Structure formats: C-alpha cells, structure tokens
Amino acid sequence: MELKTSVGSEAKQNASEYAIEMLNITKRFPGIVANDNITLRLKKGEIHALLGENGAGKSTLMSVLFGLYQPEEGVIKKDGKEVKINDPNDANALGIGMVHQHFKLVEIFSVLDNIILGVEPNTAGFLKKQEAREKVVALSERYGLRIDPDAKIADITVGMQQRTEILKMLYRDNEILIFDEPTAVLTPQEIDELMQIMRNLAAEGKSILFISHKLNEILAVADRCTVLRKGKYIGTVDIKGTTKEELSRMMVGRDVEFVVPKKESTPGEVLFKAENLSVASKAHKGLAVKNVSFEVRAGEIVCIAGIDGNGQTELVYGITGLEPLESGKLFMAGRDKNGKDIPLSEITHLPIRKRSKLGMSHIPEDRHKHGLVLDYSLEYNFILQTYFEPRFTSGAGFLKTKAIREYADGLIEQFDVRSGQGAITTTRSMSGGNQQKAIIAREVDKRPKLLVAVQPARGLDVGAIEGVHRRLIEQRDAGNAVLLISLELDEVMNLSDRILVMYEGEIVGQPDPKTTTVQELGLYMAGAKREKNGEAN
Amino acid sequence: METKSVQKDKNFFQKLLAHPGFRSFAAALACILIGLLIGYIVLLIINPSHAGEGMSTILKNFMTRNSEKLRLKSLGNTLVKTAPLLLCSLSILFAYKAGLFNIGAAGQYVLGAGAALYCALALNMPWYVCLLAAVLAGAVFGAISGALKAYLNVNEVISCIMLNWISLYTVNSVLKDFCPVGYKDTFTLVSKNPSAMLPTLGLDGIFGNSSVTIAIPISILIAVAIWIILTKTKFGYEIKATGYNRNAAKYCGMREKQNIILTMVIAGSLAGLAAALLFLSDFSQWDINQSSVPTMGFNGIAASFLGGLHPLGAIFSAYFIQHITDGGASLDTRFYPVQIADLISAIIIYLCGFVLFIKLKMLKASGGIPQKRPDMEADIKHDAENKKGGDK
C-alpha cells in the first residue's frame, strides 16, 4: 500500500484502523482559505465530534468529503486506500451518508416511501414494497429506531422524522454516518434517545461523525473530538481527558462564560399584559394559541419555553401584530414621540408601526424571512424600523445618506458587527451570527419598553450566545420588560426570571426557574405534566 | 497577512468583474454581440451574398441616408419611438424593483393610447388633458393588477396578461367611431384637433421632422426622476424593501399592500404616458383592426433588462433597441423578405433578456460565489487589525 510522507506515523502502523481519513485538506476560495491544512481521521466504530464556530470551515470540510468541492491540497482515504470523490454519488458509493440539519424528506410520502426513495427495489419498474418493508422493519428493530413505516412524514414528530433520515442511511448500507447538528430540533427526552441510538450504531460497527457546537452533547456521546477555528485545524482530543472549558477555549480561542452572571430581578410595574389571547393556526383550522393570559413586568425576563410548533410562533405574531388575533386583548405601556411615558393601555388593534413607535422591539424567529432585507446593505437594514424618522428622512422625503452612514458605523462599532465592507456590505453575504447581531443592534438601539426576543441565539456559537444573553440582561436591568421565546433549555434555565411552558397552544405550567429541573421542564414541554390552572399571572 | 497572499489570486480581470456596474455594462454588451452574431447567421442563411451589407444597414440605421437632412429626419423618427419605449421600460423596471413583473405595461400602454385619443378626437381636449387622461387610464389598470396581487394574492402576470387583451379590444371598439369612412386608422390630429398635439419647442425644426416633440426631453427627465426616487427617497426605500422581502416590509410596519398597489399605479401611469407621447403627434394613428397587443410594452421588458434594470441605463438600451428595429426596417427588400427585419431585431431583443444570466456567470468568474466567504475574510481582517492595534 502506498503511503504519503504527510501521513502520520499512526496510520503507518495500521492503516485500516480508520474508516475515513481526510489528510492535510486545504480548500481556498478567492480571498479566503476556508480549510487550511485540516486533518480529520474517523476511526471505525467511533463517535467523532467535529466542533467549531459558524464559519470555522465545518461545512466546507463536509462538502469536500461529499465531492461538492475539490480540495487544492490533501487526500481522502477510505479504509486506508486513497479515493477520489468527484460528486455526492461517489460519496454515496463509498458508504458515506448524512442526516442534514434540515431534513430532506417528502412530506406527503410515507416513512417507508421516503426511506426507499431513489433506491426502490423493483422488477421491471414494478416496486417490491414488501421486500423493502421487511428490510426497513428489520433495521429499525436492530438499532432501536422506533418508526411507523406507513405514517405520512407530515403527521409524525420531528424525532421520528429524524429516525427516518437515519434509516435512509442504514437502508443504503452506509458505513459512515454524518449527523449535522442533529439535536437542534429535539426535546430533552428525544435528545437522550438519539444519543442512545448513536451509541447503538457505533457498537454495531458504524462510524459516526457528529457535527455540533453543543458541548454537553459532545461530552456525553463522543469518543474523540476534532476542533476547527477560522478554517484552521486546532486539534483532536480524547473526550475522556477533556472538559467543557477546554473544548470551548479551543473552539473560540478564549475563555467563555456559559452562564452570564445576573443580579436578582426586581420586577416593577406591569409593562405588558395579554388577556385571553387566541390566535388562529396557519397549519390547520383550529387555534394555534388558546386563551393565553400573562403579564411581563419592568425589569424581568419572562421566558416562554416549549417544543417548536406549540403555538409560540403564532403567539409572537399576535403580540407583534404580524397576524390578527382571533380573540383577546393586549395592553402595553410605552412612550410617545417626545419620550413621555404612556401608562398601560390597550394595543389590540394598533398596527405594527404604531406598536413599534410605542416601544415594542421584536427580534424575530426567522431572521431571513422577517428580520432582514438580505439584498439591502447593512446600513439600510439598521434603519429598517426608523427610516421614516426625521433624523434619517428629510421633510421632502429624501433619505439623509450621511446621517444613515454615521448611525450605521456607530452600531457596527458598538455591537461588533463584522462584515466585508462595513456599512455598505450586502447583508446576504454576512454570516448568520453577524446578521443576528445586526438585528439585535437595531432592536436594542430602539430603546424598547418591551423586547420580544424569539430564539435570539438560534444558530449562534457559544461566544456569540454569551453576547446576546448579555444584551438581554442589560435590557432587563435597565428596567425594561423582556419576553423571551426559546426552545433551548439551557437558555431558559440561565436567563429566565419566570418561565411559562407552552404546550399545544396553552400555558401548561409556570415552574420556578430557581427550583425546577431540566427533567421537569421536559415533562411540561412534552405535555406529560400540567398545572391545574393553565392561566399564568 | 493571509488576506494579502490570497488577494494575489485575483487578477485584474476578476477585480473588474467584481464591480457590479461593470458587470451590467459588459453583460449588456455581450448580449448585443451574441444577438448580432445570430442575426448575421440568419442573414447568411437567407442570402449569403448580401448578409454583410444587410447587417451594416441594420446597425447604421439613419446613417445610411443620403443627406444630412434626411439623416436627421430619420434619427428624429427613431427618437420619437424611443421615448415611449423608454417609458415602458421604466414602467417595467419600477415594478420589478418592488418585486412585481408588470407584463401589463403593454395593456396599460394600449389603454393610455385609447384614453389620449378619445380625449383628443371625441372631446376635443387640449394636449395636456389628453396626457393626463392617458396617465390615469394606465394607472387604473395598474391599480387593478396591484390590488388583486395585494389583497387576493393573484399573480400579477396572469391578471396583467388578461387585462392586456381587455384593453386592446376596449380601445379598438371605442375608437372605431373616430376613423374616416372606409379607413382602419383613426383621424389624424392635424385634421381634427391640432390643439391635442404635443408642443415641439422648436425640436421639429432642428430635426426637420414635425413628429419630434417635447416627448423626448420629457421621457429622459422622467428616467432621471425615477432614478432619484428609487435611490434617494424614503418612498424608493420602501418600494425596494417590499420588493426584496415582503415579509420584512410587513415586519417593520410598512404598509406593504398599499405599496404594492402604489407601485403598480406608478408603473401603469408610466406605460399610459408612453402611449400618449407617441400618439399625440402626427407620427402615427391608432389602427382599430389590430388584433395583437402592440409590442411596445413587451419591448420595454427587453429594454429594462438590457439597461441593467437601471433607469439611466434604460435611456441607452431603449435607444439601441429602437435603433436596430428601425435599421432592420430599412433592409433591402429585394434580398430579404419584409419580415426578416422584425426577425433580426426580435433575435437581438430576445438575447437582451439574457443579461441577468450573463451577469451571474460573470459573478461566478470573479469568484464572488460562494457568498458566505467574504464574511469570514472580515473576521480574519478584524483579528489582524486587533493584532496591529496591540503592536502599537
């Protein structure tokens, strides 16, 4: 067997110890080295974590492995033999499979149909479904992957959809399984189950590459971990001898505080009140939010926890005015255009612009759908909520270019928003993290009375999350009301002064953040537990 | 340090391609050249011995005329038709910035012509009233498509195309009472109502062509005005935001439904005005027997894309398209059938629609894709600057 000198001595001893080796991979794009001499070696039967911030080069490396990009330097080896991967079909033929963060499933097809899609067993074009079903059922029993082969994808839980994706790989006899941020959409219980599945797969000899930036999960399930930072290879460590702190230091390049310190809250007067709120669902004929009531006081962070799709999105649409209410009333305290305080008054029928002027800020759930005009420059996105104000628009309706630029430069400086060309960068070309920072800068700089923050740390890495959390606590400490909607249990536990758990459109519990546990929250979120009086105050 | 070394990878050509203005210009040029090449091949196939001569006739247009006087007159004719074409292209471009495809410019143009001529011939109104009537007529049809889109989410392309035919037959039937007996064209304004003709401000004298009127300066001024509105005003900011991302426009409290309607109203007015600028002169009359929607509105699509969707670019692209169309019309009919002129200009106009495609190819060649990368570059730069700061 031919071995290059660049290959480490470890490989020389026993080349076939590794399922996949990516050796000294360098991939350049004009203006940037996305992967700079990166080596990743996946042992047979191990769970290997790939850790790195957004933009660290994880996606590029995986794209190289799938043949979407050709590296300028470096080799890829399968079972010790050098291979050339020109496109995803080559990767598939080598037994490499991937569960994407956003599932690639046909919603109106059954689980079984999705699994066999593209490799349907057939005789002269006629499907042999029975054969396929037997193989799928056997696989699901062997690895403990609970599925219903005949259920439609649209009707099953996210967890089962993910298991369908895993079965898709197994059905194709893939040996190397890549999981891209697989836990982002799962409940704590489902995460535990996934971890167990991954362990089972590894025990059966599958090699698993686990892409994540959640340190707890990596520590819980992985054997080894390779860390990338800004396109560079930082190192590979054994999970057994490492700590969360060490991993985060390798990933971010500095010490990170996981729990942003905060003072005891001192809630003041009620700044926002929802009374018997009901909002229609877009997905079905019924209500997505059912008769929900709660208050948010000055100087407190109230967190609405729950699994995705239990009415949180619609609740926020109702509060911010993006969708009309079915019934119920909203009240908010705010300030007029001269900055004078307006006491709690009804805002149920106010349009979005008026709510915004009154002092409501909204960090939206989907930053690409609502939060940004991606084809606008960064400076134009900064003024999205305020462009009509006299400081940015003259009486004749002309934009004040210079004032806008100065304002944008100020926010870039203050919030450390990084981009290629500063204020004139097209927002689309910025990373998710910096896009999110831009939104937060805009919404916080409005000096809101009520800040509605929906998953403000979504898709951000630990360093950036820390920054976002600091901003929220600053808002609280400045005597404003913060309504946080989060799917991340860590975030809920760390930030909340009060927790409201939403399940199927209702508030089913308000556990005290000081005494509750992740397990208890999980039970509420899954609908297994509920307080007698669903109303919260 | 790192950024410097990789910067060298970009050669001069790539840097040039990275500039959006240059890409628009180069892409338009490439489209024109490919269009001319294919046109030339068609000429070769039909009559090889006169292909070169034919191509030169198309490209030279008015310059083939014998005397200075005739050349100016001929140029005047081209300009007279450039003005409405420019306004149609502005109509499409303006709607396009708001994310709407105003294929109804053709119908709004027809309705504008009908309204202007009705006011002139039936009501004996002066030219400015006729102009206003045309603008309003176009605006109303624009508003219909806009309202259907905003409130009922009816695709504007569908509603526009249907309105195109409604406007054609409405105008044909309304104007049929205003033709000389036995003729299919409407009365000339000179014979019926000279006050409805646009003032010439002496332009007719300069060109030796009585059809040259204030239509030409008006259309250029409007192009500049549209450019200012789109880039410098609050209204333009809202229109573009709505066009790029309707959800974000709603999120930040813009009245996105009203903006969509208003955009179509403006687009419709521009197309309506276009027709009035052509028909309120002695240049041509309305043919009440025509059974297809005039191509002016559709050619506006090509002109707006060829002009890089830039109002000032549209001035040049509209002129160019009219130039080759008129040039084609003067092809020698002994060697080429009459239809060939239309075919050649159609090929070139068709190729003009490829501008965006070629621009994208150029962007790829410049290394602008994948788009995520510049940001990482920024991160590295940021770190480098921090280090520099530390050294001081």
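# Sheets and helices in a two-chain model

In chain A, strand 13 pairs with strand 16 (residues 327-335) in the antiparallel sense, and five bridges join them. This is a predicted model, in which local features need pLDDT of at least 70 and side-chain atom pairs count only at pLDDT 80 or more, while totals for chains, interfaces and linings use all residues. Residues are numbered from 1 along each chain as its sequence is written, and chains are lettered from A and ligands numbered from 1 in the order in which they are written. Helices (H or I, at least four residues) and strands (E, at least two) are DSSP runs numbered from the N terminus, and two strands pair if DSSP finds at least two bridges between them.

## The four-stranded sheet of chain A

Where strand 13 meets strand 16, A:Ala274 stands opposite A:Leu330. Strand 13, which covers residues 270-280, also pairs with strand 14 (residues 287-297) of chain A, again in the antiparallel sense, here over seven bridges. In that pairing A:Ala280 faces A:Leu287 of strand 14.

These pairings belong to an open sheet of four strands in chain A, with the order 14-13-16-17 and antiparallel pairing. Strand 14 and strand 17 (341-346) of chain A stand at its edges with a single partner strand each, so one side of each is left without a neighbour in the sheet. Neighbouring strands of this sheet are turned against each other by 10 degrees on average, direction ignored. Another bridge partnership links A:Lys273 with A:Glu295, the latter in strand 14 of chain A. Helix 10 (residues 312-320) of chain A packs on this sheet, where it touches strands 13, 14 and 16 of chain A, and its direction makes about 120 degrees with that of strand 13 of chain A. For such angles, axes are lines fitted to C-alpha atoms, for helices over the stretch in contact, and the values run from 0 to 180 degrees between N-to-C directions.

## The six-stranded sheet of chain A

A second open sheet in chain A has six strands in the order 18-19-20-15-21-22, and its pairing is mixed. Its edge strands are strand 18 (360-363) and strand 22 (506-509) of chain A, each of which pairs on one side only. Here the turn between neighbouring strands is 25 degrees on average, with direction ignored. Strand 21 (residues 498-503) of chain A and strand 22 of chain A run antiparallel and are joined by three bridges, and A:Met502 stands opposite A:Ile507 in strand 22 of chain A.

Helix 10 of chain A packs on this sheet as well, touching strand 15 (300-305), strand 18, strand 19 (450-454), strand 20 (481-486) and strand 21 of chain A, and its direction makes about 150 degrees with that of strand 19 of chain A. Helix 15 (residues 432-445) of chain A also packs on the sheet, where it touches strand 18 and strand 19 of chain A and makes about 170 degrees with the direction of strand 18 of chain A.

## Two helices and their spans

The expected span of a helix is 1.5 Å times one less than its number of residues.

| Helix | Length | Expected span | Distance between end C-alpha atoms |
|---|---|---|---|
| Helix 6 of chain A (residues 158-171) | 14 residues | 20 Å | 20 Å |
| Helix 7 of chain B (residues 127-152) | 26 residues | 38 Å | 37 Å |

The end distance agrees with the expected span for helix 6 of chain A, and likewise for helix 7 of chain B. Just after helix 6 of chain A, A:Asp173 takes a positive phi of about 55 degrees, while helix 7 of chain B is followed by B:Asn153, whose phi is positive, near 55 degrees.

The buried residues of helix 6 of chain A (20 or more other C-beta atoms within 10 Å) include A:Ile166, A:Leu167, A:Met169 and A:Leu170, and also A:Arg163, A:Glu165 and A:Lys168. Among the elements that cover them are strand 6 (96-99), helix 4 (111-116), helix 5 (129-143), strand 9 (176-180) and helix 7 (188-203) of chain A.

## Chain B and confidence

Chain B has 19 helices and zero strands, and 49% of its 392 residues are buried. Its mean pLDDT, the predictor's confidence in each residue from 0 to 100, is 84, and 88% of its residues reach 70 or more. Residues 1-8 of chain B have a pLDDT below 50, and beyond near neighbours in sequence this stretch has 11 contacts in the model, a contact being two C-beta atoms, placed from the backbone, within 7 Å. The pLDDT is also below 50 over residues 369-392 of chain B, a stretch with 39 contacts beyond near neighbours in sequence. For the complex, the predictor gives an ipTM of 0.79 and a pTM of 0.76.

Notes:
A residue is buried if 20 or more other C-beta atoms lie within 10 Å of its own, exposed if 12 or fewer, and partly exposed in between; C-beta atoms are placed from the backbone.
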